[in-house]
Amino acid sequence: MLVVGFGSGPLQANCYLLAEAAGGPCVVVDPGEDVTAPLTAALAEHRLVPAALVATHGHPDHVASAASLSAEHGVALHLHAGDAELYGGDFVPLEAGTFAGLAVDVRHVPGHTPGSVVLSLETAEGGRLALTGDTLFAGSVGRGADAEAVRDLLESLPDDTVVLPGHGPATTIGRERAGNPFLAGTGA
């Protein structure tokens, strides 16, 4: 599996490209502010073609470029219906399914926004990924994140699951379960 990530915009929100391999379709996760230039470069470098846009939630730093990218590439934005008012544009309700050949599970974890989700998938190589948006970060949680929902997430995913957050560096579920100070006292 190919995973390409980069920060963009004033808040350096992470945008991710997920694909089975270079030279094929990909999923663009969280096409936020100012992603056009780095996204175009990453697509060219890895010979990828967007097959879907997916958002972990509807805040502008995660969806600001969605409408223009949707029009440019002829692909829909998939967003949880709970964030329809935040986004205000056209989208397809986000549900678990296959995007660019990748089976993606969608876990609704409201708190940061009404429609916040965590995307989880297994790689062909046997690895596990969780794209947590602004629900869970390395050593922190997002503003308004529901500690109980985050605890449930931590309990449901194996320790070796790589967490790709909406901001900042990657981490693992095991690392967050063991040492995230914002989850102390939740049983995580």
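A residue is called buried when its relative accessible area is under 20%, exposed when that value is over 50%, and partly exposed in between. With this definition in hand, one can begin with the chain as a whole, remembering that the model shown is a predicted one. Of the 188 residues in the chain, 52% count as buried.

The chain contains six helices and 14 strands. Its radius of gyration is 15 Å, close to the 16 Å that the globule rule gives for 188 residues, so the chain is as compact as a globular protein of that length. Taken along the principal axes, the box filled by the C-alpha atoms is roughly 45 × 40 × 30 Å. The contacts within the chain can be described by how far apart their partners lie in sequence. Among contacts between residues at least 6 apart, 56% join residues that are at least 24 apart.

The surface and the charges come next. The chain exposes about 7800 Å², and carbon and sulfur atoms supply 54% of this area. Its side chains include 7 positive and 22 negative ones, and the centres of these two sets lie 9 Å apart.

A useful place to enter the interior is strand E3, which spans residues 25–29. Four of the five residues of E3 are buried, and the strand is therefore mostly covered, buried meaning under 20% relative accessible area. Strand E3 has pairings with both E2 and E4. Strand E2, residues 13–19, runs antiparallel to E3 and is joined to it by three bridges. Within this pairing, Leu18 has Val27 in E3 as its bridge partner. E2 and E3 form a hairpin with five residues between them, and Gly23 in the turn has a positive phi of about 80°. The pairing of E3 with E4 is parallel and consists of five bridges. Here Val29 stands opposite Val54 in E4.

Strand E4 also leads to the next residue of interest. Arg47 is found in the loop between helix H1 (36–46) and strand E4 (49–54). The phi of Arg47 is near 55°, a positive value in a residue other than glycine. Is Arg47 buried or exposed? Its relative accessibility is 54%, and Arg47 therefore counts as exposed.

Ala100 offers a second example of a positive phi in a residue other than glycine, with a value near 50°. Ala100 is located in the loop between E7 and strand E8 (102–108). At 14% relative accessibility, Ala100 counts as buried, whereas Arg47 is exposed. The preceding strand, E7, covers residues 97–99 and includes Gly97. With a relative accessible area of 25%, Gly97 is partly exposed. Which residues does Gly97 touch, if those up to four places away in sequence are not counted? They are Leu102, Ala103 and Val104.

The last stop is Gly89, in the loop between helix H4 (84–87) and strand E6 (92–93). Gly89 counts as partly exposed because its relative accessibility is 31%. From Gly89 one may look across the model to Leu157. These two residues are 68 places apart in sequence, and their C-alpha atoms are 32 Å apart in space.

Key:
Residues are numbered from 1 along each chain as its sequence is written. This is a predicted model: local features need pLDDT of at least 70, side-chain atom pairs count only at pLDDT 80 or more; totals for chains, interfaces and linings use all residues. Side-chain values use heavy atoms; hydrogens and water are left out. Helices (H or I, at least four residues) and strands (E, at least two) are DSSP runs, numbered from the N terminus. The radius of gyration is taken over C-alpha atoms; the globule rule is 2.2 Å times the number of residues to the power 0.38. Buried means under 20% relative accessible area, exposed over 50%, partly exposed in between (1.4 Å probe, protein chains only). Contact means heavy atoms within 4.5 Å. Accessible areas come from the Shrake-Rupley method with a 1.4 Å probe; for residues, only the protein chains shown count as cover. Lys and Arg count as positive and Asp and Glu as negative; His and the chain ends are not counted. The place of a charge is taken as NZ of Lys, CZ of Arg, CG of Asp or CD of Glu. Two strands pair if DSSP finds at least two bridges between them.
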